[in-house]
Amino acid sequence: MHDFLSLLPLVIITTGAILLMLLSAFESTKVEIASYISMGFYGVAFFVQLLIGCGPETTIFSETFNGMLVANNFSMAACLVILGCGFFTAISSHSYFKVNRFCTLEYYSIMMFSVCGMMLLTLTHELISAFIAIEIMSLAIYILVGYERKNVKATEAILKYLILGAFAGAFYTMGAALIYGGVGSTKFVEIAATLNIDKTISPLLLGGGFFIIVALLFKIAAFPFHSWVIDVYDGASAPITGFMATALKTAAFALFANFLALHTTMHDGWVTFLFYLAVFTMFGGNLIAIGQDNIKRMLAASGIVHSGYLLIALVAMNAEQFSGSVIAYYLAAYAIGTLGIFASLSYLGGEGEKRANFADFKGLAKVHPYSAAAITVFLLSMAGIPPTAGFMGKFYVITSAFSAGHIALAVLGIISSILSMWYYLRLIVNMYFHEATDTFEVQGRPLATAGTFVLVFFVFAIALYPVVV
Amino acid sequence: MEQTANYLGLIPLLPLTGALVIGLLHMLTCTKKPLPEKLYSVLACIGPLLSFFMALVVLFQLKNMAPEDRFLSHIPFTWFAVGELHVDMGFLADPLSSLMLVFVTFIGSLIHIYSIGYMAGEENYGKYFAYLNLFLGAMLILVLGNGPVVMFVGWEGVGLCSYLLISFYTKDTDNVLAGNKAFIVNRIGDLGFVLGMSFLFWAIGSTGFDFLSLRENAHLLTPGIGFAICLLLFVGACGKSAQIPLYVWLPDAMAGPTPVSALIHAATMVTAGVYMVARFSFIYSHFPSAGTIIAWVGILTALLAAIFGMFQKDIKKILAYSTVSQLGYMFAGVGVAAYSAGIFHVFTHAFFKALLFLGAGSVIYALHHQQNIWKMGGLKAKMPITYATMLIGALALSGCPPFSGFFSKDEILFMALANGHPGIWFIGVLVAGMTAYYTFRMMFLVFHGEARDKQAYDQAHEPPAVMTVPLIILAAGAALVGVFNLPGIFGGSMSVSNWLAPSLVEHHPHVSIWLEIMAIAASIAAVVIGITIAYKKFGHGAEEPEFTGFAKLGYHKFYVDEIYNAAIIQPYKAIGSLISRFFEPNVTDLHVKFSTWLYTKSGKAFKVFQVGYVRIYAIYMVIGLSVMSFFLSQSIN
Amino acid sequence: MIQDYLILSVILFCLGILGVISRRNVFTVFMSIELMLNAANLAFITFSRVHESMDGHVMAMMIMAVAAAEAALALAVVILLHKHKGKLDTNVFSLLKG
Amino acid sequence: MFEYALSVIIFLPILTGLALLLFPLRGGVARAVGFIVSVIILFIGIELFLGFNGKSGMEYTEFHQWIPSLGVNYALGIDGISLLVMVAATFLFPMVFSIFKTRTKGFYGNLLLAQGAMLGAICSTDLILFYVFWEIMLLPIFFMIGIYGGDKRLSATLKLTIYTIAGSLLMLAAIIYVGTSYHEQFGKWSFNIADLQALSLSGGFAITAFLMFMVAFAIKIPLFPFHTWLPDGYTEAPTATTFILSAIMAKIGVYGVIRFVIPVFEVEFTRFAILFSLLGIAGMLYCGLAAIAQKDIKRLLAFSSASHMGIIALGVFCMNVQALSGCLFQIMAHATSTGVLFLFVGLMEERLGTRNIDDLGGIAYRAPIFATFFAIAMLASVGLPGTSGFIGEFLIILGAIKFNAFIGFLAGTTLIIGVCYMLWMFQRVFFEKGKERTESFADLNGMEILTFVPVILLIIGMGIFPQTFLEKIEPTAQQHVAQLTAVSASQIADTTVQNPGHTNHKN
């Protein structure tokens, strides 16, 4: 019965999604109600996930699902992060749609669908089901990105994301095909088995793995495949951007880690590539971020940089006994920071996100001192200043890199975080060291403020009590 | 061997307390209605007088002990101790320091009393006496310090006080500049002292860093390091005692009140260098070559200063250069290992030079701060006491028998000759003549002839008793203290030298009586010649001449100050501004500037790649893909 | 025999890539992507022939379904684009850049 | 009650500071609260100082596990090295609160935060914990300069912050390297300095890590040529901030070298000592010369502070007990002298609205008490015997002579250089004719006198009875030097130039 338990959160979310979809058929239901319902479902799922915890690694319904789904600590942690992202995105959307009124009930339902896609992605240990999960997630997110139909920017964003995403998806399928050709199955266990037999990676397997990794690199916006992320984040509405930046990246990295961890030979085969990719991703992201004036674009670029750090963690991870704790912790820390900033943006951005640039936030500290303080905390966490979660994450990643012997990589990571200091401080400087030019009117008491402060609490909580590792 | 005397610490402490009390009173009241001068005067004189009496006590206690263990010490507490370094805040009274002690406190007290009259009605009356007491305290620490480090405390303390007192009239920038000059030049010397101390410690100090233990270990010094220590310490002495090349501050120091010049810049502080060399005689006696250098520096300083002295018009400047010149003598003395002779000259010089300065002070006082000797004249009638006392001082200074200066100076010259330095002796005699000349030039111009400035002359009058009495006492001293060290040839027994013997390391050469007589005759002849020339030129009044040629050069002190200014001070400032204007922003900060520039530029550059055409993004992907696959194919085969 | 199928699929795949990076009309781009997906399907089916198992076919089915869903979304986007600009040239949509 | 004293002095200010920042208060109230807290800290600090016996290594230790999996602990402790820095950080803050009245609550909150973080950095014996506090310490400074600073505050604070963070991130890399190599050599994780002493590192990585540490600390101290953030930073910062920057934060840089670099990197330290001591000398000369050309009195003091820090740093690199104790003593002495001078300049600025030396003059006639106090602090900073400044400088020069005669000589020139610009400034500001600006200069009032008298007494007391401080720090200094001499004995040739006399006193 444990199998079903470990699947329960996924089930809950799915039912929630369907339920909302049905509800939206009725005129009378308000959008707020929908948001509360989705929050409720996220919350319940979150606590269920937390309660069931996870014992040893279990293959869920190995007969029924033919060993596609495997639940372990890592997947649980990733699911928790994703559910948290869903919860706080719902909160920030709630406040966001108070000022920007283009929301319908389906919005929350679709978001929940994407969340089930992601959770499935963390569980799956098989290529085709992974593809399905990716597509569930992606299709939902495509819709969310372009949700504001009137807005040409959103439309352009969805266009770009759709084309490139589908392009990457095609690579993924080709890769899956090649691996199937090489192994005769797409299950990770089978692949591992073949790798156990003949120690070298056969050309088919190599090419297949290559294509799959390319697709995953696209999803996590690693260096050569990063260009979409900036425009899409810019075009999408703030809560969705936050959602993509956090939940999607978590899911993608979960799959990435599982794929690399399926066998040591697989991991070692790609380490060199990932090494260079990590370096390029970090520095490329930094260089892009420096030039940006729009905060969302800056955050997108900084997201690229953080993908670079996560790639370091992937390089340094040990495929033999893979725990993924470092990656999970870093993802959680990064997610908290990013969600927090986007939550604040969602109620400070104003109608049609008229405050989008650094300059628009001059003197925020004078008007909304607490929000400014919260944003500062999040930025410092992303910059990795102690005693925030971001610092701890960075500390674990660098430590793992050192103890795996990738000293050069670790040092480069440190250097890139020196570079990243400037654009994080830039917003703080704007908020604190200038006089207020704007009134920063905020309607009512947005729920997102509460969410923001909860997140601030988490930033320090998981830093000072690093339970995960 | 040494006994303890637990009151030694009090001797410097008394004036220091006086300084503290007076200073606080003055600091708290000076902006409001100032306190009565009587109060300050009383408070100021208590400390010095008490310490004078205690000094006498010390002297007599030492006298009652066997000569070879005449050492009294008092160690209140350990000052600081780190590793092998152990420095006590300790005081040592031996014959040498007791002698210094007595005359420093004696003259100090006299000058305090004199100042009561001289400073009457000045603003910052209290501040003056606070500084004066502070100085006396520091000087006594210098004298009594039982080790180099404690000595250095007094050493820097007196430097500070001389700075404060030189720039006493702070409203006038020149005075403050003179003060700064004094302090900075002294600091240059102090650097030498500190380095010397440090080397000394690492060489032989680790078993105890006070004079007595150092004296026992002195034989451990290796030649190289010992020589270096000697010279470094002498650099310190040069700074404090105004020897070449660091003498330049002393003439400017005359900017301070005249009693200060008398006490600090004639009698006591400036002789600290000589005292220090004598203190370290146990080292210097091991390195006669270093001594020779000192002797030559000293005698050349004497010569140079004498030349300058001959052409000055400011009465205090003349005395200042005479001081430098006499200090030169003293160093010549200690340089040729005649430490007792040098110290004895310090002793006598204190009397007659203090006397001359105080006399000059009362002249200046009488003429309302007129210092130019070409505006004086004929004052003999107006102020007889001053004249008489100053005449004694002048005779003593120019070293004509039987006044004190004769014996001390003659002893030095004789020792120079006896220890085989005829060159030094010859220059010494020459300088003696020049000294006599400029001293009496001053005397004649000031007191003889007829008044050059009539209405100043009419107002001139003898100063009050509080100023004349010290003059008379000092005059008596200047006339008579010579007898303390009468050489055998005059039926004396060199009692001062014998007194000092336990704390000095020196040997008395035995040379023929004729040589001694010859030396004495020579110096007397020089003095007589000098005085007669002065009398010929100025005895009956003379008009101020136009300085030309060498005289002009001498009057402008060979332009040494200007040279220093051009060669050292201006470049120093130039370097400073160069650094802060040019180097700081453009060179040292370059790495910051460059990296920020590169950073922002590359940020701009990377925006270009975000063209916004989805096709191009796809092309990026394909390019990345192909590059990666290329490397992949490389890695396979 | 088998190789030919594979070669064909590879050719199709490359054609798809070329189409995506060379064409600017949204329709053509999506069609090229479909081409790539079908190349993958072909490869799957070929391999399932090699391994004498039906898994490949199943997977091809799955992929087709997903592709259909994607196509549906794509058409919606196309309509949206046409509403905004009246053109289907991808280069027209480049507000977001820099 | 004292087993948690260190935690108290660390977290009481931090929590109060946060509270001040969070709750809406008036500036006056915030100031009062801050003053009370800092006074409490002061008394605890005095208790700690008196209770410290200096014989047995770390005292007042606290230990709690933080991240067991990586052996990161919450470990605090005080020994002879950190004692005087701790004392400086606890003693000097009440002054700041009692003097500067015209600030908003945020300022006082940040001050408290800074104090807590600095004390944390001083007291922590775990590298990671130290790093955490080390970074936190910077944030209040960043905000104080940025919000309350002068006209060019933005560039100044960004330069300072990014420069410093860059250095400390490099240090983080080095710290992690040390931790991992400990894990490799001993099979368990630990960042505790007591364990890390056992570490024996060598090779290129060790040198790189050592240099990373040194760069971080050199930037904080600041050591030439990493000082370029200092003039702008010190000048633009509000005076209270400048005070804690120069009086305490710079010292923590020196302290870090002694505490964390020497025990771990004996070999590299011994090898590079000569280089770094030359850097210290260069900084001393360079900044001392630059000071003479400054028009702004605060900037002048900034350069003078940098110049003195050069000498203090030199004390670390001389690797003998005299120099090291002198350096530790001078840390405190310099805080009381130059730091206090900054406060005086702040008072002048509040009263007259200018810091330009040309506008000042004749203050001594208006304000004798102020002038006297200023003079005493100034004389202490030029190292006059009888003041706190002399002991430290003398010991450092003494040690430098032993380390290398030439360096010792250069170090000695600080006696001259310091006096030049200080007298120059003092003359123009306090003497000469009064300017019309200074006519109205009011002397210190009762409160201010009460504030400054203790520190003036401290300056003189430290000059006359330094042994009370030295006897507490000397044993630890001995241990540290013992470690080094073991190394340098092996390679004495390329590190120290023995002076010939030195060998004699052995026999």
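Start by selecting helix H6 of chain A and helix H2 (residues 26–50) of chain C: their axes come within 9 Å and cross at roughly 10°. Keep in mind as you click around that this is a predicted model.

**Stop 1: two helices from two chains**

How do you put a pairing like this into words? Two packed helices are described by the angle between their axes and the distance between the axes. Angles under 35 degrees count as roughly parallel, so H6(A) and H2(C) are roughly parallel to each other.

Now show the side chains. On H6(A), the residues making the contact include A:Ile163, A:Phe167, A:Met174 and A:Leu178. Facing them on H2(C), look for C:Val29, C:Met36, C:Phe44 and C:Phe47, among others. Try colouring the residues of this contact by type: you should get 18 nonpolar, two polar and no charged.

**Stop 2: the big nonpolar core**

Next, zoom out to see the largest nonpolar core, which has 702 residues. Which residues have the most contacts inside this core? Select A:Tyr330, B:Ala354, D:Ala88 and D:Ala173. You have already met the helix that gives the core its largest share: H6 (residues 152–183) of chain A, with 21 residues.

Stay on D:Ala173 for a moment. Leaving out residues up to four places away in sequence, D:Ala173 touches A:Ile398, A:Ala410, A:Val411 and A:Ile414 in chain A, plus D:Met212 in chain D.

**Stop 3: who touches whom**

Colour the model by chain. Which chains share the most contacts? There are five pairs of chains in contact, and the answer is B and D. That contact takes 52 residues from chain B and 51 residues from chain D.

On chain B's side, select strand E2 (72–82), helix H5 (148–166), helix H6 (173–204), helix H8 and helix H25 (560–588): each supplies at least two residues. H6(B) gives the largest share of that side, 17 residues. Sort the chain B residues that touch chain D by type and you get 28 nonpolar, 17 polar and seven charged.

Now switch to chains B and C, where 10 residues of chain B are in contact with 10 residues of chain C. Helix H27 (residues 614–636) gives the most to chain B's side here, with five residues. The residues on that side divide into six nonpolar, two polar and two charged.

What about chains C and D? No contact joins chain C and chain D, and their closest C-alpha atoms lie 26 Å apart.

**Stop 4: chain B by itself**

Hide everything but chain B. How many helices and strands can you find? Chain B has 27 helices and three strands. Its C-alpha trace spans about 115 × 65 × 55 Å along its principal axes. Of the 637 residues in chain B, buried residues make up 58%. Look also at how the chain folds back on itself: among its contacts with a separation of 6 or more, 82% are between residues 24 or more positions apart.

Now pick out the strands. They form an open sheet with the order E1-E2-E3 and mixed pairing. At the edges sit strand E1 (3–4) and strand E3 (85–93), each pairing on one side only. E2(B) and E3(B) run antiparallel and are joined by eight bridges. To see one of these up close, select B:Ala81 and its bridge partner in E3(B), B:His86.

**Stop 5: unusual backbone spots**

Finish with some loops. In chain B, go to the loop between helix H8 (223–241) and helix H9 (249–252), where you will find B:Pro245. The peptide bond from B:Ile244 to B:Pro245 is cis, with omega near 5°. Chain D offers another cis peptide bond, between D:Phe224 and D:Pro225, with omega about 0°. D:Pro225 is in the loop between helix H10 (204–220) and helix H11 (229–236).

Then check phi for A:Glu353: the value is near 50°, positive in a residue other than glycine. A:Glu353 lies in the loop between helix H13 (325–348) and helix H14 (364–367) of chain A. Is A:Glu353 buried or exposed? A:Glu353 counts as buried, because it has 24 C-beta neighbours inside 10 Å.

Last, select B:Ala337, in the loop between helix H14 (315–335) and helix H15 (339–366) of chain B. Phi of B:Ala337 is also positive, near 65°. B:Ala337 has 26 C-beta neighbours inside 10 Å, so this residue counts as buried.

Methods: Residues are numbered from 1 along each chain as its sequence is written. Chains are lettered from A and ligands numbered from 1 in the order in which they are written. This is a predicted model: local features need pLDDT of at least 70, side-chain atom pairs count only at pLDDT 80 or more; totals for chains, interfaces and linings use all residues. Two residues are in contact if their C-beta atoms, placed from the backbone, lie within 7 Å. Helices (H or I, at least four residues) and strands (E, at least two) are DSSP runs, numbered from the N terminus. Ala, Val, Leu, Ile, Met, Phe, Trp, Tyr, Cys and Pro count as nonpolar, Asp, Glu, Lys and Arg as charged, and the others, Gly among them, as polar. A nonpolar core is a set of buried Ala, Val, Leu, Ile, Met, Phe, Trp, Tyr and Cys residues joined through C-beta atoms within 7 Å. A residue is buried if 20 or more other C-beta atoms lie within 10 Å of its own, exposed if 12 or fewer, and partly exposed in between; C-beta atoms are placed from the backbone. Axes are lines fitted to C-alpha atoms, for helices over the stretch in contact, and angles run from 0 to 180 degrees between N-to-C directions. Angles under 35 degrees count as roughly parallel, over 145 as roughly antiparallel, 65 to 115 as roughly perpendicular and the rest as oblique. Two strands pair if DSSP finds at least two bridges between them.
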